[in-house]
Structures are given as C-alpha cells and as structure tokens.
Amino acid sequence: MVYTNGTLLTKRASPIKISPIIFVSLLVTGCGSGSSSISDIDNSSNLIDNSGEDSIDNDAEGNFDSSLFSLDLTEETRVGCTLNDGTVTTCYQITFNANGVGNTEGAGTVGPFCPDRADAPRSQSGFGFYDGATNPGFQLILDAAQNMESDGYNIIDENNNINSDGAAGAACLSMPFADNLALTYLVPVVPQKASEPEDIGEIDSIGFGLHGVPYKGTPPGVVDRDGRIPSLDHCGGHSDPSGYYHWHFIPQSMNLVLGSEEYNFREDDSITCSNSYIVDANSNEPDPSSFAGLAKDGYPIYGALDSSETEETEPVDLDQCNGHEHATDEFPDSVYHYHAFRETAPNNPTCLSGKFVTNDWELSR
Ligand SMILES: [Zn+2]
Ligand SMILES: [Zn+2]
C-alpha cells in the first residue's frame with residue numbers, strides 16, 4: 001500500500017488489475033475477554049468481486065470527487081461490483097488511511113473517552129448509549145456509570161475510580177489506535193434508487209466521511225455485554241478494537257445535538273465537538289451545513305442544515321431516510337443527498353434510499 005499523505009491520486013483512465021487486499025483477522029483481542037468486543041466489523045464475505053470486470057464504465061459521472069476529500073486518500077479506481085439486489089454495475093474502489101482524523105487523543109483531535117474517576121470534570125468524559133433500566137439513552141459516561149451502579153453493575157470502585165478494564169466485568173471501553181491500517185470502500189459510481197429504503201441496523205456501515213472515516217449505525221448495547229459501555233468522544237467517534245477510528249454520528253452537526261434542549265451538554269461550552277480536522281477555521285466549530293461524506297449507496301451526506309449564499313436553513317421535504325434533492329455547492333447540477341438529523345442521537349441517517357454493495361468496506365494493511 002502506497003501512502004501519499006496530502007496527495008490525491010487522479011482517476012485512472014483505463015481498467016487496471018486490482019492488487020489483492022490482505023484481509024485482517026477478525027480475532028480481535030482488544031478488550032481482553034476476546035469474543036464480545038466493540039468490534040463493528042462485518043466482513044463475512046469478499047469485498048472485491050470484480051463482477052462485470054469486462055464492462056467497467058470509466059466515463060460515467062458519479063458523486064465521488066477526490067478533491068472534496070482530505071488527507072489520507074491513498075488510492076481510487078473503478079471496479080465491477082454487484083449491488084444488493086443483484087445489479088451488476090461499476091463501483092468506485094477507494095482506499096483511505098484508517099485514522100485520517102488523527103490518531104492522538106487530546107484537544108482538537110479525538111477524545112476524551114473514559115473518565116478515570118466518577119468525580120472527574122464533565123468535560124473529561126466521553127459519551128455512551130446506555131440501555132439499562134435507569135435513565136437509558138445517550139449520555140456522558142460519568143452519568144452512565146452512576147446509572148449502571150443503580151442497576152447493579154459494579155463499574156465504580158470503592159475509591160471512586162471508573163473501571164476501564166474490559167476483562168474485569170462492567171467497564172468503560174476505549175480502544176487504542178492502530179496507524180498501519182487502510183480502509184477500502186466500494187461505492188456505486190452511478191447511484192440507483194432501491195424499490196424500498198433499507199434500514200441501517202446497529203453498527204451497520206452507512207458510508208464514510210471526508211477523511212475516509214467510516215460512518216456506522218448505533219453502537220452496540222451495554223446490557224447484553226455485561227455492562228461494558230463503549231465510549232464515544234465529543235464528535236461521536238471512537239476506535240474499534242482492531243484500531244480504526246469511526247463515527248456513530250455525523251460530526252459536522254454534532255454540536256447541534258449537544259446543544260439541543262434535550263441534551264443541553266453545551267451549557268459551559270466545555271463539551272463540544274472540536275476535532276481540528278473537521279472544524280471551520282473561522283468559527284473553530286464544525287459547519288453544520290457542510291458536506292460530510294458519501295453514503296455506501298453513492299449519495300452524498302450533509303450535516304443537519306442546508307445552506308444558501310447568505311444563511312443556513314432547515315432542509316425541507318425530507319423523505320424517511322432524511323434525504324431530498326437540490327443543487328448544493330459541491331453538486332451544482334442538483335443531487336439527491338442525506339442530511340444528519342438535527343437533534344437526535346445518533347444523528348446519522350437511519351435508512352438508505354439507494355442500492356449498495358452488501359460488504360461495502362474492508363480493513364486491510
Ligand atoms: Zn463503534
Ligand atoms: Zn439538502
């Protein structure tokens with residue numbers, strides 16, 4: 001794999017032979033106890049099937065424009081692919097460095113994740129989705145830990161420390177980053193509407209963001225996993241046990257969720273999505289109307305708002321997948337696209353309108 005930091009490769013003019021991708025073992029041991037990790041991986045079948053290899057369309061106009069993506073795009077080409085209804089078509093095959101948003105924890109990059117102590121400052125706590133009996137929902141790990149104690153999970157010890165050892169019962173989970181990974185996506189070049197929208201299930205792949213970071217459905221539950229609660233940072237992302245960072249939110253409009261009446265996490269502005277890779281240079285915040293990536297069906301994803309030349313506006317006439325069609329800055333000829341939900345957690349689309357490759361992405365080294 002050739003890494004070309006900061007350099008975008010141009011589209012190839014003719015079909016090329018695809019070099020084999022070495023698939024990473026799924027026997028991830030990142031959380032100590034092995035089997036029930038927070039792994040979001042599903043690579044039960046081969047990503048690259050090269051179906052229709054003889055009829056790859058290198059001229060069709062699609063929605064992937066490498067100039068809209070940043071930093072760690074390492075390879076882009078076109079291959080034959082089969083969509084989930086059996087349609088054989090041409091797909092982009094796009095490879096990114098897995099940790100394109102930065103693999104160090106701290107202000108401006110990723111984190112915070114697990115607070116050390118139950119009395120830690122709230123700004124030092126990541127988020128979790130708690131599904132137990134006491135106060136379930138999207139909340140700070142600090143609050144989830146108290147709720148878990150109420151439900152009989154022993155996550156806070158007698159010294160007020162929050163357990164983060166995944167091998168030792170109830171725990172806040174935060175996984176280390178691996179910097180030697182690459183993610184490869186297959187996305188249809190010409191999107192095709194499906195007869196019925198397809199729901200996005202828990203941890204299902206949705207697509208990818210501007211740095212190739214995967215978008216995933218809701219994180220797995222805590223109760224079924226004996227009180228092990230995965231932590232998400234203030235932009236709604238975290239690392240998988242296999243080391244790749246991914247988002248369970250569309251981070252461009254995460255601060256609308258955090259500032260909503262329901263959650264009200266931004267009272268003192270200490271809990272805010274401020275990842276330096278996605279913030280606007282002027283406001284130092286993500287732009288909630290900005291282009292946010294590509295869904296696996298080939299349709300673009302935007303933050304929760306639309307923008308005109310002068311103002312940000314509420315999207316209108318959204319369908320059940322939070323999508324609609326109009327011209328945008330990136331697609332001036334009009335394009336069907338998804339919006340993040342404005343104030344719900346998670347805020348990413350809950351279904352997709354188009355056909356997609358069933359195993360649309362793969363981890364490799
Ligand atoms: Zn996850
Ligand atoms: Zn729109």
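Here are three short exercises on this predicted model, each with a worked solution.

**Exercise 1.** Work out whether strand S2 is largely enclosed or not, and find its partner strand S6.

*Solution.* Start by locating S2, which covers residues 88–97. Next, go through its 10 residues with the burial cut-off: a residue counts as buried if 20 or more other C-beta atoms lie within 10 Å of its own. Nine of the 10 pass, so the rest of the structure largely encloses S2. Now look sideways: S6 (residues 182–188) runs antiparallel to S2, and seven bridges join the two. To pin down one spot in this pairing, find phenylalanine 96, which sits opposite leucine 183 of S6.

**Exercise 2.** Trace the strands that pair with S8.

*Solution.* S8 spans residues 205–208, and three bridges tie it to S9 (residues 214–216), with the two running antiparallel. Check a facing pair here: phenylalanine 208 is across from proline 214 in S9. Then follow the chain round the hairpin: five residues lie between the strands, and glycine 212 has a positive phi near 80°. Finally, turn to S13 (residues 291–295), which pairs with S8 in the antiparallel sense over two bridges. In that pairing, glycine 207 faces alanine 295.

**Exercise 3.** Find which residues touch the most other members of the largest nonpolar core, then look around isoleucine 141.

*Solution.* In soluble globular proteins, nonpolar side chains tend to be buried together. The largest core here has 83 residues, and Cys91, Ile141, Leu183 and Val187 touch the most other members. For isoleucine 141, skip neighbours within four places in sequence; the contacts left include Cys114, Phe127, Cys172 and Ile229.

Conventions:
Residues numbered from 1 in each chain as written. Chains lettered and ligands numbered in written order. Predicted model: local features only at pLDDT ≥ 70, side-chain atom pairs only at ≥ 80, totals over all residues. Buried ≥ 20, exposed ≤ 12 C-beta atoms within 10 Å, placed from the backbone. Helix = DSSP H or I, 4+ residues; strand = E, 2+ residues; numbered from the N terminus. Pairing = 2+ DSSP bridges. Core = buried A, V, L, I, M, F, W, Y, C linked by C-beta atoms within 7 Å. Contact = placed C-beta atoms within 7 Å.
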